[in-house]
Amino acid sequence: QVQLVESGGGLVQPGGSLRLSCAASGRILSIAMMRWYRQAPGKQRDLVAAISSGDSTGYANSVQGRFTISRGNAQNTVNLQMNSLKPEDTAVYYCNADVRDTTSTSYFQVWGQGTPVTVSS
């Protein structure tokens with residue numbers, strides 16, 4: 001069974017920085033896209049950033065220029081560097097990936113459990 005585990009969330013003041021990490025584990029053959037989503041209280045879950053296996057990236061307009069998504073050397077990890085944080089960035093951040101493992105012939109999506117980020121003074 002493939003699992004994604006996020007870490008790095010917490011409380012930060014406006015203007016500060018946080019770095020989120022997500023590690024995939026299990027009998028993984030390959031990971032295609034990896035993404036970060038976020039969900040604020042009472043709102044829908046929105047895509048924040050995505051990165052392909054070839055390191056092509058994309059960002060939501062609201063975080064462009066402030067957040068950077070990257071894949072770790074192990075390729076089974078993804079990071080989200082968040083700078084110049086604003087109160088409106090407060091949300092639970094979820095890692096998501098398209099994975100193929102030893103039991104599958106096609107890619108399937110896996111979600112992490114989420115890590116909370118609170119931006120407040």
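Three short exercises on this predicted model follow, each with a worked solution.

Residues are numbered from 1 along each chain as its sequence is written. Local features need pLDDT of at least 70, side-chain atom pairs count only at pLDDT 80 or more, and totals for chains, interfaces and linings use all residues, while side-chain values use heavy atoms, without hydrogens and water.

**Exercise 1. Trace the open sheet and find its edge strands.**

Step 1. Strands are DSSP runs (E, at least two residues), numbered from the N terminus. Two of them pair if DSSP finds at least two bridges between them.

Step 2. Four strands make up the sheet, in the order 1-3-8-7, with antiparallel pairing.

Step 3. Strand 1 (3-7) and strand 7 (67-71) are the edges, since each pairs on one side only.

Step 4. Look inside the sheet. Strand 3 (residues 18-25) and strand 8 (residues 77-82) share six bridges. Arg19 stands opposite Gln81 in strand 8.

**Exercise 2. Locate the disulfide and give its handedness.**

Step 1. A disulfide is a pair of cysteine sulfur atoms within 2.5 Å. The structure holds one.

Step 2. Cys22 is joined to Cys95, S to S 2.1 Å.

Step 3. The torsion about the S-S bond of Cys22 and Cys95 is about -85°, so this disulfide is left-handed.

Step 4. Cys22 lies in strand 3 and Cys95 in strand 9 (residues 91-101), 73 residues apart.

**Exercise 3. Are Cys22 and Cys95 buried or exposed?**

Step 1. Buried means under 20% relative accessible area, exposed over 50%, partly exposed in between (1.4 Å probe, protein chains only).

Step 2. Both Cys22 and Cys95 are buried.
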